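Thanks for coming. I'll take a few minutes to walk through one structure, so please have it open in front of you.

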Amino acid sequence: MWEIGTVAVSTAGRDKGYLLCVVGRDGKAVLVCDGKERRLERPKRKNPRHITPLEGQAPFGPEQLRGNKALRRALNSAREARGKVD
């Protein structure tokens with residue numbers, strides 16, 4: 001279910017409510033980044049039960065995951081499409 005590039009919302013932890021992107025798996029955990037607080041160089045391990053996939057959002061491709069700036073830009077456009085600007 002958690003493929004690389006999936007956009008998700010954190011439902012638990014200090015990052016609750018943040019939009020995140022799945023960038024990998026580590027055993028049963030997923031590795032997520034947002035390009036600002038959690039950069040691609042240091043992804044956060046997150047229990048899959050503590051994130052919810054964003055409905056109606058296609059997974060990001062390699063061009064959005066090539067750098068932190070590109071990831072932030074893609075997440076901002078997903079946030080605007082969702083109707084919430086933080």
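How many cavities of 30 Å³ or more does a search of the whole structure find? The search finds 1. Before going further, please keep in mind that this is a predicted model.

Let me stay with that cavity. The largest cavity has a volume of about 60 Å³. Its lining is made up of Arg14, Asp15, Tyr18, Leu20, Asp34, Glu37, Arg38 and Lys44. Sorted by class, that lining has 6 charged residues, 2 nonpolar ones and no polar ones.

Next, the open spaces. The largest pocket comes to about 200 Å³ in volume. Around this pocket we find Tyr18, Leu19, Asp34, Lys36, Glu37, Arg72, Leu75, Asn76 and Arg79. Of these lining residues, 5 are charged, 3 are nonpolar and 1 is polar. Tyr18, Asp34 and Glu37 are named in the lining of the cavity, and they appear in the lining of the pocket too.

Which element gives the largest share of the pocket lining? That is helix H1, with 4 residues.

So, on to the helix. H1 covers residues 68-82, which makes 15 residues. From its first C-alpha to its last it reaches 21 Å, close to the 21 Å expected at 1.5 Å a residue. Just after H1 comes glycine 83, with a positive phi of about 100 degrees.

Which residues of H1 are buried? They are Asn68, Ala70, Leu71, Ala74, Leu75, Ala78 and Arg79. On spacing, an α-helix has 3.6 residues a turn, so residues three or four places apart point the same way. You can follow that along the helix by looking at Leu71, Ala74, Leu75 and Ala78, which are among the buried residues. What covers the buried residues of H1 includes three strands: S1 (7-10), S2 (19-26) and S3 (29-33). Leu75 and Arg79 are both in that buried set, and both also line the largest pocket.

Last, the cysteines. How many disulfides does a search of the whole structure find? The count is 0. Cysteine 21 is in no disulfide, and the nearest cysteine sulfur, that of cysteine 33, is 7.6 Å away. Seen from the other side, cysteine 33 is in no disulfide either, with the sulfur of cysteine 21 as its nearest, at 7.6 Å. For a disulfide, the two sulfur atoms would have to be within 2.5 Å.

Are these cysteines buried or exposed? Cysteine 21 counts as buried because its relative accessibility is 0%. Cysteine 33 is also at 0% relative accessibility, so cysteine 33 counts as buried as well.

Definitions and conventions: Residues are numbered from 1 along each chain as its sequence is written. This is a predicted model: local features need pLDDT of at least 70, side-chain atom pairs count only at pLDDT 80 or more; totals for chains, interfaces and linings use all residues. Side-chain values use heavy atoms; hydrogens and water are left out. Buried means under 20% relative accessible area, exposed over 50%, partly exposed in between (1.4 Å probe, protein chains only). Helices (H or I, at least four residues) and strands (E, at least two) are DSSP runs, numbered from the N terminus. The expected span of a helix is 1.5 Å times one less than its number of residues. Contact means heavy atoms within 4.5 Å. On a 1 Å grid over the protein atoms alone, a cavity is a set of points where a 1.4 Å probe fits but cannot get out, and a pocket is an open set with protein on both sides within 12 Å along at least five of seven lines; lining residues have an atom within 4 Å of a point. Grid points are joined across faces, edges and corners, and a volume is the space filled by probe spheres set on the points. Ala, Val, Leu, Ile, Met, Phe, Trp, Tyr, Cys and Pro count as nonpolar, Asp, Glu, Lys and Arg as charged, and the others, Gly among them, as polar.
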